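The following exercises are to be worked through with the sequence and the three-dimensional structure at hand. Each task is followed by a solution in steps.

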Amino acid sequence: AHSASARNGLTSILSGTGISENLSYRTQQAKGDALARPDLTGRDDQGRNVVLIEAKFWAGLTDNQPNTYIAMLADDVPSTLCFLIPQERMTSLWPEVCSRAFDTGFSVIMEHDGEYKSARLAGNKHLLMTTWTTVLTAIETAATASGETLTLSDVSQLRGLCEEQEAEGSLPIRPGEFGPEAPRRILGLMNVIDQVINGLAQAGSISLSGLRATPLRNGYRRYFDAMPRILPHNFGLDYNLDLWRQYEHPMWLWAYREYGSLIRQEFVDYERAVPTRLIREDSGDIFFRINLPVGAEIDEVVRNISLQIQEIMDRFRTVHSTD
């Protein structure tokens with residue numbers, strides 16, 4: 001609001017979506033029955049919402065994001081909803097934002113896929129996602145050129161904040177964070193995994209002979225063998241904190257690296273899915289995303305997950321039988 005170079009630096013990031021004019025910026029401007037509050041609102045001289053910015057570190061998307069915010073954008077001039085995030089969230093959050101927009105009926109046409117990501121929606125509206133580092137660098141460059149020393153000082157302090165927030169294990173503790181919801185959720189995931197594995201074993205689809213539940217540094221895993229065997233290696237159904245943090249999803253089917261060599265055409269749709277349903281680790285091991293039905297009772301969740309696992313096993317058998 002008080003720095004021309006900061007506005008110019010931000011505009012340089014947004015220019016790819018057709019925005020070039022000098023806007024008036026305000027924070028936390030509530031609007032509508034849902035009282036959506038974008039973190040930063042950029043309006044033109046006619047009061048139109050040309051830019052809405054949601055600044056995030058590790059919080060998930062709210063119910064209003066992105067669709068309520070998209071509806072708030074002006075449509076008679078180029079406008080943009082921009083998410084400002086840490087670099088390591090780009091892989092998981094961009095597909096989720098695009099998917100939510102698409103499911104609500106917006107066309108999502110990719111325009112740029114580099115240091116920032118952008119897509120054109122219906123009319124003049126755009127989605128954009130970029131990192132704190134990209135925006136702060138742009139503002140710093142503009143402030144240096146114009147000699148705005150106070151802005152440079154502010155940018156320096158913001159860089160320090162971002163580095164602290166993005167560092168591993170440095171999340172500040174928030175009020176109410178240690179309520180019962182988080183442990184109940186984790187114990188619930190473990191219970192679902194146990195029910196899925198025990199049910200498949202009772203049905204004869206898998207074998208648990210010589211195998212047991214295994215606590216891991218980053219979660220919990222139930223090993224099992226496919227029946228009939230595919231390769232002489234186990235599978236494992238996990239809740240995995242590392243993958244949860246990186247891909248914002250808790251449940252995965254682990255497979256030993258030798259199964260990775262079997263992945264061919266049968267799993268192309270898994271790799272191309274948005275968000276991706278197949279992750280390849282540097283070790284060669286692979287993980288399949290196990291989708292969790294939202295709002296379903298536990299019996300339906302267990303049944304749905306069991307079907308997903310059986311489908312993956314069937315695809316592996318198809319590939320293996322052709323070798």
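**Exercise 1: Two salt bridges within helices**

In this predicted model, a salt bridge connects the side chains of Glu96 and Arg100, with N and O 3.2 Å apart.

Task: Determine where Glu96 and Arg100 lie, and classify each by its accessibility. Then treat Glu311 and Arg315 in the same manner.

Solution.
Step 1. Glu96 and Arg100 both belong to helix α3 (residues 90-103). They are four residues apart, about one turn of the helix.
Step 2. The cut-offs are under 20% relative accessible area for buried and over 50% for exposed, with partly exposed in between. Glu96 has a relative accessibility of 29% and is therefore partly exposed. Arg100, at 26%, is therefore partly exposed as well.
Step 3. The side chains of Glu311 and Arg315 form a salt bridge at 2.8 Å, N to O. Both residues lie in helix α10, four residues apart, about one turn of the helix.
Step 4. Glu311 is partly exposed because its relative accessible area is 31%. Arg315 has 16% and so counts as buried.
Step 5. Elsewhere, Asp44, Arg48 and Asp76 are joined into one network by salt bridges that share partners. The whole structure holds 18 salt bridges.

**Exercise 2: A buried charge**

Task: Which side chain of opposite charge is nearest to Asp285, and why is there no salt bridge between the two?

Solution.
Step 1. Asp285 is located in the loop between β13 (278-280) and β14 (286-289), and it is buried.
Step 2. The nearest side chain of opposite charge is that of Arg257, 4.1 Å away.
Step 3. A salt bridge requires the nitrogen and the carboxyl oxygen to be within 4 Å, so this pair does not qualify.
Step 4. The side chain of Asp285 does, however, reach the backbone nitrogen of Arg257 at 3.0 Å.
Step 5. Beyond its close sequence neighbours (up to four places away), Asp285 touches Trp254, Ala255, Tyr256, Arg257, Ile279 and Arg280.

**Exercise 3: Aromatic rings around Phe288**

Task: Classify the ring pairs that Phe288 forms with Phe267 and with Phe316.

Solution.
Step 1. The search of the whole structure yields twelve aromatic pairs. In one of them, Phe267 and Phe288 have 5.3 Å between centres and 50° between planes, and the pair is tilted.
Step 2. Phe267 lies in the loop between α8 (257-260) and α9 (268-272), while Phe288 is in strand β14, 21 residues apart. Both are buried.
Step 3. The ring centres of Phe288 and Phe316 are 5.8 Å apart with planes at 90°, so this pair is edge-to-face. Phe316 lies in helix α10 (residues 298-322), 28 residues from Phe288.
Step 4. Phe288 has a relative accessible area of 0% and is therefore buried; the value for Phe316 is likewise 0%, so Phe316 is buried.
Step 5. One aromatic cluster contains Phe224, Phe235, Tyr259, Phe267, Tyr270, Phe288 and Phe316.

**Exercise 4: Successive hairpins**

Task: Describe how strand β6 is joined to β5 and to β7.

Solution.
Step 1. Strands β5 (residues 109-113) and β6 (residues 117-120) run antiparallel and are joined by four bridges. Ile109 stands opposite Arg120, and a hairpin of three residues makes the connection.
Step 2. Four bridges also join β6 to β7 (residues 125-131), again antiparallel; Ser118 has Leu128 as its bridge partner.
Step 3. The hairpin between β6 and β7 has four residues between the strands, and Gly123 in the turn has a positive phi of about 65°.

Technical notes: Residues are numbered from 1 along each chain as its sequence is written. This is a predicted model: local features need pLDDT of at least 70, side-chain atom pairs count only at pLDDT 80 or more; totals for chains, interfaces and linings use all residues. Side-chain values use heavy atoms; hydrogens and water are left out. Two strands pair if DSSP finds at least two bridges between them. Buried means under 20% relative accessible area, exposed over 50%, partly exposed in between (1.4 Å probe, protein chains only). Lys and Arg count as positive and Asp and Glu as negative; His and the chain ends are not counted. A polar contact is a pair of N or O atoms within 3.5 Å; within protein, one must be able to donate a hydrogen and the other to accept it, and residues adjacent in sequence count only if both atoms are side-chain atoms. Contact means heavy atoms within 4.5 Å. Rings of Phe, Tyr and Trp (its six-membered ring) pair if their centres lie within 6.5 Å; planes under 30 degrees apart count as stacked, over 60 as edge-to-face and the rest as tilted.
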